[in-house]
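Trainee: Hi, do you have a moment to go through a structure with me? I have it open and would like to talk through the helices and a few odd residues.

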Amino acid sequence: MKLSKADMLLYAVTDRTWLNGKTLAATVEEILKSGITFLQLREKELDYDDFLTEALAIGALAKKYNVPFVINDDVKIAMAANADGVHVGQDDGNVAVLRKEIGDKILGVSVHTVEQALKAQEEGADYLGVGAMFATDTKTDATVVSKDTLKAIGNAVDIPIVIIGGVNKDTIPQFKNCGAHGAAVVSAIFAQKNPVAATKELVKLCSEVF
């Protein structure tokens with residue numbers, strides 16, 4: 001799938017912690033309808049079979065709404081589910097090797113420095129996740145990245161950039177003209193009482209900021 005900077009506008013990362021009895025698929029379809037532009041399936045606890053079953057179901061929804069869909073970390077699941085791609089961190093394997101393994105699928109890479117960003121771009125990354133911009137409960141060991149570093153990364157690379165880590169409706173306005181093309185959110189959607197309203201508000205906000 002060809003990726004554009006516009007696809008980064010509102011990047012949703014799933015989290016089943018706050019589903020409150022609803023299925024993940026039901027919530028994902030609601031936010032797909034409400035305007036998210038990119039979807040990452042993140043699971044840390046499911047076994048292979050359950051993860052694959054879920055990835056197939058969520059992937060079908062993303063395809064229905066024509067939204068790029070990637071798997072967090074797990075290349076085997078991404079390939080088996082025929083996801084659009086995979087997103088990896090700095091400790092999840094060599095980017096150049098992963099690029100060969102997944103072919104022309106989308107490859108997203110988390111980076112914290114200009115050097116990491118340039119290396120990821122050179123080795124075949126299609127987009128970068130830059131962060132954490134703030135401390136976050138969803139990734140307690142995350143490295144916090146300054147706005148100056150974000151701007152420097154934006155000036156150094158040509159591929160799309162999405163910010164992540166403590167990003168929500170209150171913090172997003174701080175990132176106007178900082179070099180990013182969108183925001184990746186977790187709790188800002190999934191922890192809200194009304195994910196649909198939260199998504200619509202975030203789409204509007206991101207359209208004004210990025």
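Trainee: Let's start with helix 2. Which of its residues are buried?

Mentor: Happy to help, and keep in mind that this is a predicted model. In helix 2, the buried residues are Phe51, Leu52, Glu54, Ala55, Ile58, Gly59, Leu61 and Ala62.

Trainee: And what covers those buried residues of helix 2?

Mentor: The cover includes helix 1, strand 2 (38–41), strand 3 (69–72) and helix 3 (75–80).

Trainee: Why would buried positions in a helix keep coming back at such spacings?

Mentor: In general, an α-helix has 3.6 residues a turn, so residues three or four places apart point the same way.

Trainee: What about Ala57, is that buried or exposed?

Mentor: In between: alanine 57, which also sits in helix 2, has a relative accessible area of 39%, so it counts as partly exposed. From alanine 57 to leucine 107 the C-alpha distance is 21 Å, with their positions 50 residues apart in sequence.

Trainee: How far does helix 2 reach, end to end?

Mentor: Its 17 residues, 48–64, span 24 Å from the first C-alpha to the last, close to the 24 Å expected at 1.5 Å a residue. Just after helix 2, asparagine 66 has a positive phi of about 55 degrees.

Trainee: Which other asparagines have a positive phi?

Mentor: Asparagine 20 has one of about 50 degrees, and asparagine 177 has one of about 60 degrees. Asparagine 20 is in the loop between strand 1 (10–13) and helix 1, while asparagine 177 is in the loop between strand 7 and strand 8 (182–185).

Trainee: Are those two buried or exposed?

Mentor: Asparagine 20 is exposed, at 75% relative accessibility. Asparagine 177 is exposed too, with a relative accessible area of 69%.

Trainee: While we're on backbone geometry, where is there a cis peptide bond?

Mentor: Look at the bond from glycine 131 to alanine 132, where omega is near 10 degrees. Alanine 132 belongs to the loop between strand 6 (127–131) and helix 6.

Trainee: Back to packing, then. At what angle do helix 5 and helix 6 pack?

Mentor: Helix 5 (residues 114–122) and helix 6 (residues 147–156) pack at about 30 degrees, with their axes 9 Å apart. Angles under 35 degrees count as roughly parallel, so helix 5 and helix 6 are roughly parallel to each other. The crossing is right-handed.

Trainee: Which residues make that contact?

Mentor: Helix 5 brings Val114, Ala117, Leu118 and Gln121, and helix 6 brings Thr149, Ala152, Ile153 and Ala156. By class, there are 6 nonpolar, 2 polar and no charged residues.

Trainee: How do helix 1 and helix 8 cross?

Mentor: The axes of helix 1 (residues 24–34) and helix 8 (residues 195–209) come within 9 Å and cross at roughly 35 degrees. This crossing is right-handed. Thr27, Glu30, Ile31 and Ser34 of helix 1 touch Pro195, Val196, Thr199, Lys200 and Val203 of helix 8. That contact has 4 nonpolar, 3 polar and 2 charged residues.

Trainee: Last one: which residues does valine 162 touch beyond its sequence neighbours?

Mentor: Leaving aside neighbours within four places, valine 162 contacts Met8, Tyr11, Tyr127, Leu128, Gly129, Val130, Gly182, Ala183 and Ala184. Valine 162 lies in strand 7 (residues 161–164) and is buried, with a relative accessible area of 2%. Aspartate 7 is 155 residues away from valine 162 in sequence, yet 9.7 Å away in space, C-alpha to C-alpha.

Technical notes
Residues are numbered from 1 along each chain as its sequence is written. This is a predicted model: local features need pLDDT of at least 70, side-chain atom pairs count only at pLDDT 80 or more; totals for chains, interfaces and linings use all residues. Side-chain values use heavy atoms; hydrogens and water are left out. Axes are lines fitted to C-alpha atoms, for helices over the stretch in contact, and angles run from 0 to 180 degrees between N-to-C directions. Helices (H or I, at least four residues) and strands (E, at least two) are DSSP runs, numbered from the N terminus. A crossing is left-handed if the near helix is turned anticlockwise from the far one by less than a right angle, and right-handed if clockwise. Contact means heavy atoms within 4.5 Å. Ala, Val, Leu, Ile, Met, Phe, Trp, Tyr, Cys and Pro count as nonpolar, Asp, Glu, Lys and Arg as charged, and the others, Gly among them, as polar. Buried means under 20% relative accessible area, exposed over 50%, partly exposed in between (1.4 Å probe, protein chains only). The expected span of a helix is 1.5 Å times one less than its number of residues. Angles under 35 degrees count as roughly parallel, over 145 as roughly antiparallel, 65 to 115 as roughly perpendicular and the rest as oblique.
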